[in-house]
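Student: I would like to learn how the descriptive terms for a protein model are justified. Could we take the model shown here and test each term against its criterion?

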Amino acid sequence: MKKTVLALACLFSCVAFSPAEAAWQPQLAVGLVAGQEVLALKLPCKSQIFEGNSPKAALTLPAGSQLSITHGGSHFTVNGKKLNNSGEGLFIKAAPEVKNFVFTWSQKDFRGIAKVMVRHGKLALINMVDTEDYLKGVVPEEMPHDWPAEALKAQSVAARTYALENRKRHEGEGFDLCATTHCQQYLGSKVEKAAASKAIEATYGEVLTYQGKLINAFFHTDSGGMTEDSENVWGTKLPYLRAVEEKAKYTQPWKKVLTAERVASLAGKGSHKDIGDLKRIELSTLKIGQGSNDRTSSGRVKQVVFVGSKGRAAVSGNDLRSLLGLRSTMFNMKMDHKQVTVEGYGWGHGLGLSQWGARKWAEEGKSYRDILKHYYQHIALKKLY
Ligand SMILES: [Zn+2]
């Protein structure tokens, strides 16, 4: 009985009315998993499997099918049936009459097409998905859906621009983007939220450009009080990634306490020197928006000098962030007896849009366009499709 109800529910969603016939938009190939001997997929809707670019379906599967895919030599085996591997892989798509297709892998649902490939003798699963559908599985993971609509719209445009600008990131592996935080966390259609989808639809096809080209739309959780110049984080000066003021300063305070011994050992690792026992730490006091010889103009740490019994070592703020596992490089550092206390603000690299900052500006009545033009300087908003 339960099974029948489920099947009916699926049938309904498979043929659900889809508002406008989709206009052209870029399709992204998102790598979901690689290195598998067997791939297990579920297909809630009626589906078809194609061998490579063949226009004729090799298999048609009823709604509710479960697939077990393996491969050997020049063929795939799908539920015991051999299918050709032309080198292009297998494409699992909606049957023509199905309007609201998803496939299920690892308890997650994905819109678009499932592509199965062989790489280095193992199976890889790739989701070919329209950019706007991809974003619906990304934005709710990046920003809480109950945040102001203008902040969600700003996040949507930044995430869309970031995805399209980084399309070639995994080209060598046979797809555009991975589904983890390395690119952007993408969890498919089960995480979709109405408010986030609405923000994505309201900014449909909109991207950020500088001199006519897509920008690298970096974003982070919270700047702490001021964002950062790109060259201070990764050496390259980008005219649109400049340090800009926030509505609120000294936000998201954090604290980390370490032993002097551990800090001396990590400072030694960062500078390839043995400084012996830690005696003193040299770092000026943080004033957000004020630079100094050891701080950038936003106040982030350029370098800290550790003075030990055997010598001194200078370690950059960025290196310290990863060595000590700090949330940001906007911090003060003090030594007291055998303890080192690091107290800082913000979360993330500080480049481009600050999510908490965007929320604050939205609450002040700023539009998503104002927010984006604040965090990305000298840019234009363009409708790409
Ligand atoms: Zn990636």
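Tutor: Let us begin with a pair of helices in this predicted model: H4 passes H10 in a right-handed crossing.

Student: Which residues make the contact between H4 and H10?

Tutor: On the H4 side they are Glu 150, Lys 153, Ala 154 and Val 157, and on the H10 side Tyr 368, Ile 371 and Leu 372. Sorted by class, the contact has five nonpolar and two charged residues, with no polar residue. Glu and Lys count as charged, whereas Ala, Val, Tyr, Ile and Leu count as nonpolar.

Student: At what angle do the axes of H4 and H10 cross, and what is their relation called?

Tutor: H4 covers residues 149-165 and H10 residues 368-375; their axes come within 8 Å and cross at roughly 50°. An angle under 35 degrees would count as roughly parallel, and one from 65 to 115 as roughly perpendicular. The crossing angle fits neither description, so H4 is oblique to H10.

Student: Why are H4 and H5 described as oblique to each other?

Tutor: H5 spans residues 194-202, and it packs against H4 at an angle of about 60°, with the axes 8 Å apart. Since the roughly perpendicular range is 65 to 115 degrees and the roughly parallel one lies under 35, H4 and H5 are therefore oblique. Their crossing is right-handed.

Student: How do you know which residues of H4 and H5 meet?

Tutor: The criterion is that their C-beta atoms, placed from the backbone, lie within 7 Å. Ala 149, Leu 152, Lys 153 and Ser 156 of H4 meet Ala 195, Ala 196, Ala 199, Ile 200 and Ala 202 of H5. Seven of these contact residues are nonpolar, one is polar and one is charged.

Student: What makes H4 and H9 oblique?

Tutor: The axes of H4 and H9, the latter being residues 355-363, come within 8 Å and cross at roughly 140°. An angle must be over 145 to count as roughly antiparallel, and the roughly perpendicular range ends at 115. H4 and H9 are therefore oblique to each other. H4 passes H9 in a right-handed crossing.

Student: Which residues meet there, and how do they divide by class?

Tutor: Glu 150, Ala 151, Ala 154 and Gln 155 of H4 meet Gln 355, Ala 358, Arg 359 and Ala 362 of H9. Four of the residues in this contact are nonpolar, two are polar and two are charged.

Student: Let us turn to the strands. What makes S17 and S21 edge strands?

Tutor: The sheet is open and its three strands follow the order S17-S22-S21, with antiparallel pairing. S17 (254-259) and S21 (331-336) each have a single partner strand, so one side of each is left without a neighbour in the sheet. Neighbouring strands here are turned by 15° against each other on average, direction ignored.

Student: How do you know that S21 and S22 are paired?

Tutor: Pairing requires at least two bridges. S21 and S22 (residues 339-344) have six bridges and run in the antiparallel sense. Met 333, for example, stands opposite Val 342 in S22. H7 (residues 260-271) packs on this sheet and touches S17, S21 and S22, its direction making about 90° with that of S17.

Student: How many bridges join S14 to S15, and where do these strands belong?

Tutor: They belong to an open sheet of three strands in the order S15-S14-S24, paired antiparallel. S15 (213-214) and S24 (380-383) are its edge strands, each pairing on one side only. S14 (residues 206-210) is joined to S15 by two bridges, and the criterion is at least two. Thr 209 has Leu 214 of S15 as its bridge partner. H4 packs on this sheet too, touching S14 and S15, and its direction makes about 65° with that of S14.

Student: In what sense does S1 pair with S12, parallel or antiparallel, and in what sense with S13?

Tutor: S1 (residues 27-36) pairs with S12 (residues 122-130) in the antiparallel sense over seven bridges. With S13 (residues 177-178), S1 runs parallel, joined by two bridges. Gly 31 has a partner in each: Ile 126 in S12 and Cys 178 in S13.

Student: What is the predictor's confidence in this chain?

Tutor: The mean pLDDT is 93, and 95% of the residues reach 70 or more. Over residues 1-12, however, the pLDDT is below 50, and this stretch has seven contacts beyond near neighbours in sequence.

Key
Residues numbered from 1 in each chain as written. Predicted model: local features only at pLDDT ≥ 70, side-chain atom pairs only at ≥ 80, totals over all residues. Axes fitted to C-alpha atoms, helices over the stretch in contact; angles between N-to-C directions. Helix = DSSP H or I, 4+ residues; strand = E, 2+ residues; numbered from the N terminus. Left-handed = near helix turned anticlockwise from the far one by under 90°. Contact = placed C-beta atoms within 7 Å. pLDDT = per-residue confidence, 0-100.
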